[in-house]
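These are my notebook entries on a few things I looked up, one topic at a time.

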Amino acid sequence: MKILILDDAGAASARAAGLIADHVREKPETVLGLATGGTMEAVYAHLIALHRAGEVSFAGVSSFNLDEYVGLAGDHPCSYRRYMAEKLFDQIDMAPGAGHLPKGEAEDPEAEADAYEAKIVAAGDLDLQLLGLGQNGHIGFNEPTSSLSSLTRLKTLTRSTREANSRFFPAGEEPPRLAITMGIGTIMRAREVLLVATGEAKAEAVEQVVEGAVSARWPGSILQMHRKATLILDRAAACRLELTDYYMDVHPE
Ligand code: F6R
């Protein structure tokens, strides 16, 4: 794993956006795997700025998001489809329909999960998967004890994930209990993975994922087995790492 430690969240998100833009410039028909959540908002803001400055075009890009809440239609204000439309798709030049998410409102969510997995396979799998990190170590909505070879499926969210995400829901409305999420096996098939974690609340998860044992207890730790995984951290998220001097020595920039 390549561990990059930046001064703060702003620098970390700018670096992540820069790496994504480099990738798209090199391969304009890139198949991106995308994430939602607070950390990604800044990454997408930087990508939009790069696009507006004429530095990158997404016209040939297609994408698959990691996850969607079961029961939320795409036009629900808290759905991830709506998040992606507002925070990225509608502000760049991606072709209409090129951004895929699981359908949260599908009548048969299990069949939808299988169909979503098949769509990713048909697209030739993901070139670059962008990931955030849950405080409990989840990637996508693969909560602790998820099978490390799982495919896209339904997952029950932990109480801590629902509490963390309730900040995106209006008062009195709670995040759904179930989500459709790409599996860990799906994510691991991506040819390259880029995880971004910022803030002290992520420090324990970062410690476990980077320097702990590979274990379903901390699902992100599976990235230790990925051939091309880059983790972009800020100092706060990296504050519990033991080998920081080494990481800074290898990648001083
Ligand atoms: C969202 C997702 C999640 C988030 C994670 C971190 O699509 O897959 O794994 O990346 O929960 O969320 P934030 O950035 O809000 O802390």
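I note before anything else that helices and strands here are DSSP runs, numbered from the N terminus, and that the model I am reading is a predicted one.

**Entry on Ser-79.** With that naming in hand, I located Ser-79 in the loop between β4 (67–69) and α3 (80–87). I then asked whether Ser-79 is buried or exposed. Ser-79 has a relative accessible area of 0%, and because buried means under 20%, I recorded Ser-79 as buried. Leaving aside neighbours within four places in sequence, I found Ser-79 in contact with Glu-68, Leu-72, Ala-73 and Gly-74. I also looked up the separation of the C-alpha atoms of Ser-79 and Phe-89, which are 10 residues apart along the chain, and it is 14 Å.

**Entry on helix packing.** Two packed helices are described by the angle between their axes and the distance between the axes, and I looked up both values for each pair below.

For helix α1 (residues 9–26) and helix α2 (residues 38–52), I read that the axes come within 8 Å and cross at roughly 50 degrees. The angle is neither under 35 degrees nor in the range 65 to 115, and α1 and α2 are therefore oblique to each other. Their crossing is right-handed. On the α1 side the contact includes Gly-10, Ser-13 and Ile-20, and on the α2 side it includes Val-43, His-46 and Leu-50. By class, I noted 9 nonpolar residues, 4 polar ones and no charged ones in this contact.

For α2 and α3, the axes are 10 Å apart and the angle is about 35 degrees. Here Met-40, Glu-41, Tyr-44 and Ile-48 of α2 meet Tyr-83, Met-84 and Lys-87 of α3. I noted that this contact of α2 with α3 has 5 nonpolar residues, no polar ones and 2 charged ones.

**Entry on phi.** Most residues other than glycine have a negative phi, so I looked for exceptions. Asp-125, which is not a glycine, has a positive phi of about 70 degrees, and I found Asp-125 in the loop between α4 (109–122) and β6 (128–131). Thr-145 also has a positive phi, near 80 degrees, and lies in the loop between β6 and β7 (153–156). Asp-125 is buried, at a relative accessible area of 15%, whereas Thr-145 is exposed, at 65%.

**Entry on cysteines.** How many disulfides are there? I recorded a count of 0 disulfides. Cys-78 is buried, with a relative accessible area of 10%, while Cys-239 is partly exposed, at 44%.

Terms used. Residues are numbered from 1 along each chain as its sequence is written. This is a predicted model: local features need pLDDT of at least 70, side-chain atom pairs count only at pLDDT 80 or more; totals for chains, interfaces and linings use all residues. Side-chain values use heavy atoms; hydrogens and water are left out. Axes are lines fitted to C-alpha atoms, for helices over the stretch in contact, and angles run from 0 to 180 degrees between N-to-C directions. Helices (H or I, at least four residues) and strands (E, at least two) are DSSP runs, numbered from the N terminus. Angles under 35 degrees count as roughly parallel, over 145 as roughly antiparallel, 65 to 115 as roughly perpendicular and the rest as oblique. A crossing is left-handed if the near helix is turned anticlockwise from the far one by less than a right angle, and right-handed if clockwise. Contact means heavy atoms within 4.5 Å. Ala, Val, Leu, Ile, Met, Phe, Trp, Tyr, Cys and Pro count as nonpolar, Asp, Glu, Lys and Arg as charged, and the others, Gly among them, as polar. A disulfide is a pair of cysteine sulfur atoms within 2.5 Å. Buried means under 20% relative accessible area, exposed over 50%, partly exposed in between (1.4 Å probe, protein chains only).
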